[in-house]
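Subject: Handover of a structural model

Dear colleague,

Please find below the structure that I am handing over to you, together with its sequence. My notes on what was found in it follow directly after.

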Amino acid sequence: MRLENSFILIPGFGQKTEKKLWKKGVQHWDKLEKSSEVSSRKQEKAANFLQKARKNLEVNNTQFFGNKLPNKSAWRMYDNFKQDACFFDIETTGLDQRRNKVTTVSLYRNGESKTLVRGQDLTAENLRKEIHESSIFVSFNGKRFDQPFLEHNFDIEMKKPHLDLMYICKRLGLTGGLKQIEKDLNVERELEDVDGREAVRLWKKYENNGDEQALQKLIKYNQYDTINLQKLLDITHGKLRSEVFEPYCQ
């Protein structure tokens with residue numbers, strides 16, 4: 001499902017109106033502008049808004065759409081901006097953003113993985129560069145943990161739309177941690193012996209003893225999380241499309 005199928009971002013168009021239009025065969029912005037299913041006054045308002053929307057779509061201004069869509073419908077942006085979507089995950093020395101430190105940040109975008117490491121290339125400048133190059137952010141529980149941790153520790157702002165898969169999965173009845181949901185959806189993972197606590201131990205081995213093998217294992221674990229996030233979003237996006245949009249496309 002793409003933004004062009006969505007009408008709820010248009011002022012004055014709610015979910016009931018959107019579903020009614022879909023049912024009548026009006027399932028794209030282009031059709032809406034020519035449809036007799038809405039009043040001429042509403043059609044004029046929609047046309048004015050969609051002119052702005054198309055311009056923002058052309059320049060990949062994801063913040064425009066993030067501000068217009070309800071949070072629970074933000075997943076609809078994914079197909080439009082997936083090429084530069086940034087799947088990210090962090091590892092830390094603990095859970096308190098005021099006392100603990102970020103050790104690694106892994107980012108997966110356009111099929112490429114990158115990990116920034118504390119004491120090497122994990123800097124505010126490099127994070128800002130990654131933010132600038134990303135269209136949207138995708139995480140698992142990142143709205144409550146990863147994003148505020150990064151913003152506090154590096155004095156940065158992540159203003160672009162953020163799709164948190166934990167909430168998307170909950171909407172589909174998928175609960176538990178990331179590893180459990182991966183199993184439920186048959187998403188394979190290596191390094192199943194590594195979890196958050198082991199990640200802290202691996203960092204300490206590297207920081208205290210210079211253990212490069214421990215660091216490489218930590219990086220590999222961190223990167224697997226981000227790669228699997230894309231697999232999860234592809235699956236859940238398809239499920240939401242089947243649930244929300246496709247029943248009206250018969």
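I begin with E133, which counts as partly exposed because its relative accessibility is 35%, a value between the 20% and 50% cut-offs. Please note that the model is a predicted one.

Charged pairs around E133

E133 forms a salt bridge with R109, and the closest N and O atoms of the two are 3.2 Å apart. This pair connects distant parts of the chain, with R109 in strand β2 and E133 in helix α6 (residues 124–133), a separation of 24 residues. R109, unlike its partner, counts as buried, because its relative accessibility is 15%, which falls under the 20% limit. The two residues also belong to a wider arrangement, since a network of salt bridges links R109, K114, E130 and E133.

Other salt bridges

The count of salt bridges in the model comes to 15. Two further pairs deserve mention here.

E18 and R76 form a salt bridge whose closest N and O atoms lie 2.8 Å apart. Here too, distant parts of the chain are linked: E18 belongs to helix α1 (residues 15–23), whereas R76 is in the loop between α4 (62–68) and α5 (78–81), 58 residues apart. Both partners lie under the 20% limit for burial: E18 is buried, with a relative accessible area of 2%, and R76 counts as buried at 3% relative accessibility.

D30 and R54 also meet through their side chains in a salt bridge, with an N to O distance of 2.8 Å. This pair joins helix α2 (residues 29–32), which holds D30, to helix α3 (residues 40–58), which holds R54, and the two residues are 24 residues apart. In this case D30 counts as partly exposed at 39% relative accessibility, and R54 likewise counts as partly exposed, at 25%.

As general background, side chains of opposite charge can pair when their charged atoms come close.

The sheet

The strands β3-β2-β1-β4-β5, in that order, make up an open sheet of five strands with mixed pairing. Its edge strands are β3 and β5 (162–164), each of which pairs on one side only. On average, and with direction ignored, neighbouring strands of this sheet are turned by 25 degrees against each other.

Strand β1 has a partner on either side in that order. With β2, strand β1 pairs in the antiparallel sense over six bridges; in β2, S106 is the bridge partner of D89. With strand β4 (residues 137–139), β1 pairs in the parallel sense over two bridges, and C86 has F137 of β4 as its bridge partner. Helix α6 packs on the sheet, where it touches β2, β3 and β4, and its direction makes about 25 degrees with that of β2.

Strand β1 is mostly covered, with seven of its seven residues buried. Burial applies to both of its faces: C86, F88, I90 and T92 are buried on one side, and F87, D89 and E91 are buried on the other.

Helix α10

Helix α10 (residues 196–209) consists of 14 residues and reaches 20 Å from its first C-alpha to its last, close to the 20 Å expected at 1.5 Å a residue. At its start, a side-chain oxygen of D195 comes to within 3.2 Å of the backbone nitrogen of R197. After the helix comes G210, with a positive phi near 65 degrees.

The buried residues of α10 are E198, A199, V200, L202, W203 and Y206. The elements that cover them include three strands of the sheet, namely β1 (86–92), β2 (102–109) and β3 (112–117), as well as helix α11 (212–244).

The model as a whole

The secondary structure of the protein amounts to eleven helices and five strands. Along the principal axes, the C-alpha atoms fill a box of roughly 70 × 35 × 30 Å. Of the 250 residues, 49% count as buried. Among the contacts with a separation of 6 or more, 62% are between residues 24 or more positions apart.

Yours sincerely

Conventions
Residues numbered from 1 in each chain as written. Predicted model: local features only at pLDDT ≥ 70, side-chain atom pairs only at ≥ 80, totals over all residues. Heavy atoms only, no water. Helix = DSSP H or I, 4+ residues; strand = E, 2+ residues; numbered from the N terminus. Expected span 1.5 Å × (residues − 1). Buried < 20%, exposed > 50% of the residue type's maximum accessible area, 1.4 Å probe, protein only. Contact = heavy atoms within 4.5 Å. Polar contact = N/O pair within 3.5 Å; in protein donor to acceptor, adjacent residues only side chain to side chain. Salt bridge = Lys/Arg side-chain N within 4 Å of Asp/Glu carboxyl O. Pairing = 2+ DSSP bridges. Axes fitted to C-alpha atoms, helices over the stretch in contact; angles between N-to-C directions.
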